[in-house]
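Thanks for asking me to look this one over. My notes follow as numbered points, so you can check each against the coordinates as you go.

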Amino acid sequence: MPSNKSVSDAPIVQFSNCRILRDHRLQREDLWVREGKILNPEKLFFDEKGSADVQLDCKDSIIAPGFIDVQINGGFGVDFSLATDDFKSGIDLVSQKILSHGVTSFCPTLVTSPPSVYHQVLPQINVRNGGAHGAGILGAHLEGPFISKEKKGAHPEHCLRTFEAGAFQDLLATYGSLDCVQIVTLAPEMRRSSEVIQELTKRGICVSLGHSVANLSQAEEAVQHGATFITHLFNAMLPFHHRDPGIVGLLTSDKIPAGRRVFYGMISDGIHTNPAALRIAHRAHPKGLVLVTDAIAGMGLAPGRHTLGQQVVEIDGLNTYIAGTKTLSGSVATMDTCVRHFQEATGCSVETALEAASLHPAQLLGIEHKKGTLNYDSDADFLMLNDSLYVQATYIAGEEVWRQDVSGM
C-alpha cells in the first residue's frame with residue numbers, strides 16, 4: 001500500500017506483537033506512531049491510504065504509558081533542595097537516570113527550605129519535553145514551608161512559615177516566583193490558607209494537603225476551595241480516627257464538590273505504608289491513587305549518609321532516616337519498584353497498577369489529553385514491560401530513549 005506523503009513525510013512506526021494498555025485494559029493490537037504522537041490506524045488506512053515505514057516486533061511485551069512521578073526530591077547523589085552551582089547538570093542527571101525506571105515525566109520536588117534556596121533553585125527549573133536527554137519536567141512540586149510544626153516529618157522546623165501576615169503575598173515572597181510551579185503542598189488548618197488555596201488554584205497550580213494536623217472538616221473546606229491532592233497519604237498527618245478521620249477521610253467524604261476527584265499520593269515502597277493500609281486506601285478510593293517515589297538523593301546509591309535539603313539523612317537498607325533518629329525522610333524506591341510492590345500488596349490487576357503511575361498523575365495535573373494514556377493523538381511516551389512489570393524499554397515522543405541491556409535481562 002503506498003504512503004500518502006501529502007499528509008506528512010515523517011516516518012510511521014508500527015509496534016506489533018504487543019498488548020497495549022488502552023481504555024483500562026490490555027488489548028492485543030498494534031501501536032502506530034508518527035511525529036511523536038499516537039496514530040489512529042483507521043484514519044491512516046482509510047483517509048491517507050498509508051502504511052508503516054518501520055515495523056518493530058515487541059515480542060509479546062506489555063506497552064503502557066510512561067510513568068509520571070509528581071514527588072521526587074532527587075536521586076543518584078543529586079538533591080533538588082540544595083542550591084548548587086551545577087544544579088542544572090544535577091537535574092539533567094536525574095532526568096536521564098530515571099528513564100531506566102520507566103519515568104518519562106516528573107515534578108522535581110523541594111522540601112521546606114529557606115527563601116534563598118527557592119530564589120536560587122526555582123529559576124533553574126524549566127518546564128521541558130522529555131527526549132534522549134531525559135524525562136520531561138512538568139514543573140516543580142514545593143512541599144512546604146507552609147506546613148504544621150507537629151507533622152513536619154523530615155522538614156527543618158526553623159524554616160517553617162505561616163500565612164499570618166500577608167497570606168498569598170507571604171507565599172510569593174518566600175518562593176520568589178511561581179512561573180515553573182506545578183504543585184504546592186500546604187497544611188490546610190493554617191490561618192488564611194483558604195485564600196491562598198484559591199489564589200494558587202486560580203493560577204492553575206495544584207494544591208496538595210499534607211504535613212498537617214487538619215481535621216476532616218478543615219480538609220473538606222480546603223477541597224471546596226480548590227485543593228485536589230493529598231501528599232503521601234497516612235504519612236505526616238493525623239492517624240485515622242473513627243470520630244474524625246482527618247485528611248484520610250477525604251477518600252470517602254460526601255462533601256467533595258460534584259464532578260471533582262480528590263487524588264492522593266502513596267509511597268508504595270514497603271516501608272512508608274503497611275500493605276494493609278495500602279489495601280484499605282486502594283479499596284476505598286481506587287481512582288484517586290497516585291504512586292509517588294518521594295525519592296531522595298540517596299536513591300540509586302549505596303547505604304550511608306546523604307542529604308535531604310537542610311537535613312542529613314542515613315540510608316539503612318530501604319529505610320531512610322534523619323541522621324540519629326528514626327524519623328523517616330523520603331525513600332530510595334524507584335517508580336517501577338513501587339508499581340510492582342503496589343500490585344503485589346493489593347492484588348490489583350496489572351492495568352490498575354500501571355494506571356496508578358501514569359493515568360492518575362496525568363489526571364491530577366490535568367494533562368491526560370496528552371500524557372498518561374495511549375489514546376490516539378496523545379504523546380507517544382510509553383514503556384515496554386514484561387509480565388512481571390520490569391521495564392524493558394522506554395520511549396519518549398516515539399523515540400527509544402532507554403533499553404535494557406540484553407545481557408542483563
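1. H232 sits in the loop between strand 14 and strand 15. Please keep in mind that this is a predicted model. H232 has a relative accessible area of 4%, so it counts as buried, the limit being under 20%. Beyond its neighbours within four places in sequence, H232 is in contact with Q71, E143, H211, M237, G265, I267 and D294.

2. Two of those contacts reappear in the annotation. UniProt, in an unreviewed entry, lists E143, H211 and H232 under "binding site". These residues are spread over 90 residues of sequence, yet they cluster in space, with a largest C-alpha distance of 10.9 Å.

3. Where does E143 lie? It belongs to strand 11, residues 140-143. At a relative accessible area of 2%, E143 is under the 20% limit and therefore buried. Leaving out neighbours within four places in sequence, the contacts of E143 include Q71, N73, H155, T185 and D294. H211 and H232 are also among the contacts of E143, and so is a run made up of T109, L110, V111 and T112.

4. Strand 11 deserves a look from both sides. In a regular strand, side chains alternate between the two faces of the sheet. In strand 11, A140 and L142 are on one side, H141 and E143 are on the other, and all are buried, leaving both faces covered.

5. Which strands pair with strand 11? Strand 9 (residues 103-111) pairs with strand 11 in the parallel sense over 3 bridges, and T109 stands opposite H141 there. Strand 12 (residues 181-186) also runs parallel to strand 11, joined by 4 bridges. In that pairing, A140 stands opposite V181.

6. A second "binding site" annotation, again from an unreviewed UniProt entry, covers A154, N235, A236, R243, H272, L328, S329 and G330. These positions extend over 177 residues of sequence and are also spread in space, up to 29.8 Å between C-alpha atoms. If you set up a selection from the record, I would keep this list apart from the one in point 2.

7. Two members of that list can be placed in more detail. A236 is found in the loop between strand 14 (229-230) and strand 15 (263-266). Not counting residues up to four places away in sequence, A236 touches K151, G210, H211 and S212. H211 comes from the other annotated list.

8. L328 is located in the loop between strand 19 (319-322) and helix 8. Is L328 buried, partly exposed or exposed? Its relative accessible area is 27%, which falls between the 20% and 50% limits, so L328 is partly exposed. Outside its neighbours within four places in sequence, L328 is in contact with A154, I271, H272, N319, T320 and Y321. A154 and H272 are covered by the annotation that covers L328.

9. Strand 19 takes part in an open sheet of 3 strands, ordered 17-18-19 with antiparallel pairing. Strand 17 (304-308) and strand 19 are the edge strands, each pairing on one side only. From one strand to the next, the twist averages 35 degrees. Strand 18 (residues 311-316) is joined to strand 19 by 4 bridges, and V313 has I322 as its bridge partner.

10. Now for the nonpolar core. In soluble globular proteins, nonpolar side chains tend to be buried together. The largest nonpolar core here has 85 residues, and I125, L186, L200, L250 and L354 have the most contacts inside it. Helix 8 (residues 335-346) gives the most to this core, with 5 residues. Domain 1 (4-64 + 373-403) and domain 2 (66-365) both contribute residues, so the core lies between them. Beyond its neighbours within four places in sequence, L186 is in contact with residues including F146, I147, F163, V196, I197 and L200.

11. One last spot to inspect is H119, in helix 3 (residues 115-121). With 38% relative accessibility, H119 is between the 20% and 50% limits and so counts as partly exposed. H119 and G176 are 57 residues apart in sequence but 5.4 Å apart in space, C-alpha to C-alpha. Leaving aside neighbours within four places in sequence, H119 is in contact with A173, T174, Y175 and G176.

Key
Residues numbered from 1 in each chain as written. Predicted model: local features only at pLDDT ≥ 70, side-chain atom pairs only at ≥ 80, totals over all residues. Heavy atoms only, no water. Core = buried A, V, L, I, M, F, W, Y, C linked by side-chain atoms within 4.5 Å. Buried < 20%, exposed > 50% of the residue type's maximum accessible area, 1.4 Å probe, protein only. Helix = DSSP H or I, 4+ residues; strand = E, 2+ residues; numbered from the N terminus. Domains from an automatic or database assignment. Contact = heavy atoms within 4.5 Å. UniProt positions renumbered as here; feature names shortened; annotations may be inferred. Pairing = 2+ DSSP bridges. Axes fitted to C-alpha atoms, helices over the stretch in contact; angles between N-to-C directions.
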